[in-house]
Amino acid sequence: MPATPPAPGHRTAGADVRLHWWALALPALAFGLLLLLLAGSGEIQATADESAPLLQVSEQLLRAAG
């Protein structure tokens, strides 16, 4: 008995699943940025009139988003 082909629009599991480029690039970028933040945190010397670089970056992101 021959196998029947799948119905149109039916997807087979696993074989044809593909990721978009950003599905791998964004987590890798986030990991790299966090690693840089952790590596550079030992050199930070915050003074009373100078805020931490992480705080400056988060302020800039909030300004850009809102």
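Visitor: Before looking at single residues, which cut-offs separate a buried residue from an exposed one?

Guide: Buried means under 20% relative accessible area, exposed means over 50%, and partly exposed lies in between. In this predicted model, Leu36 has a relative accessible area of 61%, and therefore counts as exposed.

Visitor: Where does Leu36 sit, and which nonpolar surface patch does Leu36 help to make?

Guide: Leu36 belongs to helix α1, which covers residues 21-40. Together with Trp21, Trp22, Leu26, Leu29 and Leu33, Leu36 makes a nonpolar surface patch of about 740 Å².

Visitor: What share of the residues counts as buried, and how much of the accessible surface belongs to carbon and sulfur atoms?

Guide: Of the 66 residues of the protein, 0% count as buried, while the accessible surface comes to about 6500 Å², with 67% of that area belonging to carbon and sulfur atoms. As for secondary structure, the protein has two helices and zero strands.

Visitor: How many salt bridges does the structure hold, and which residues form a salt bridge?

Guide: A salt bridge requires a side-chain nitrogen of Lys or Arg within 4 Å of a carboxyl oxygen of Asp or Glu. The structure holds one salt bridge, formed by Glu59 and Arg63, whose closest N and O atoms are 3.9 Å apart.

Visitor: How are Glu59 and Arg63 placed in helix α2, and is each exposed or partly exposed?

Guide: Glu59 and Arg63 are four residues apart in helix α2 (residues 53-65), and are therefore separated by about one helical turn. Glu59 counts as partly exposed at 36% relative accessibility, whereas Arg63, with a relative accessible area of 61%, is exposed.

Visitor: What can be said of Pro53 and its separation from Leu37?

Guide: Pro53 lies in helix α2 and, at 40% relative accessibility, counts as partly exposed. Pro53 and Leu37 are 16 residues apart along the chain, and their C-alpha atoms are separated by 9.2 Å.

Definitions and conventions
Residues numbered from 1 in each chain as written. Predicted model: local features only at pLDDT ≥ 70, side-chain atom pairs only at ≥ 80, totals over all residues. Heavy atoms only, no water. Patch = residues over 30% accessible without salt bridge, like charges linked within 9 Å, V, L, I, M, F, W, Y side chains within 5 Å. Areas by Shrake-Rupley, 256 points an atom, 1.4 Å probe, with all protein chains shown as cover. Buried < 20%, exposed > 50% of the residue type's maximum accessible area, 1.4 Å probe, protein only.
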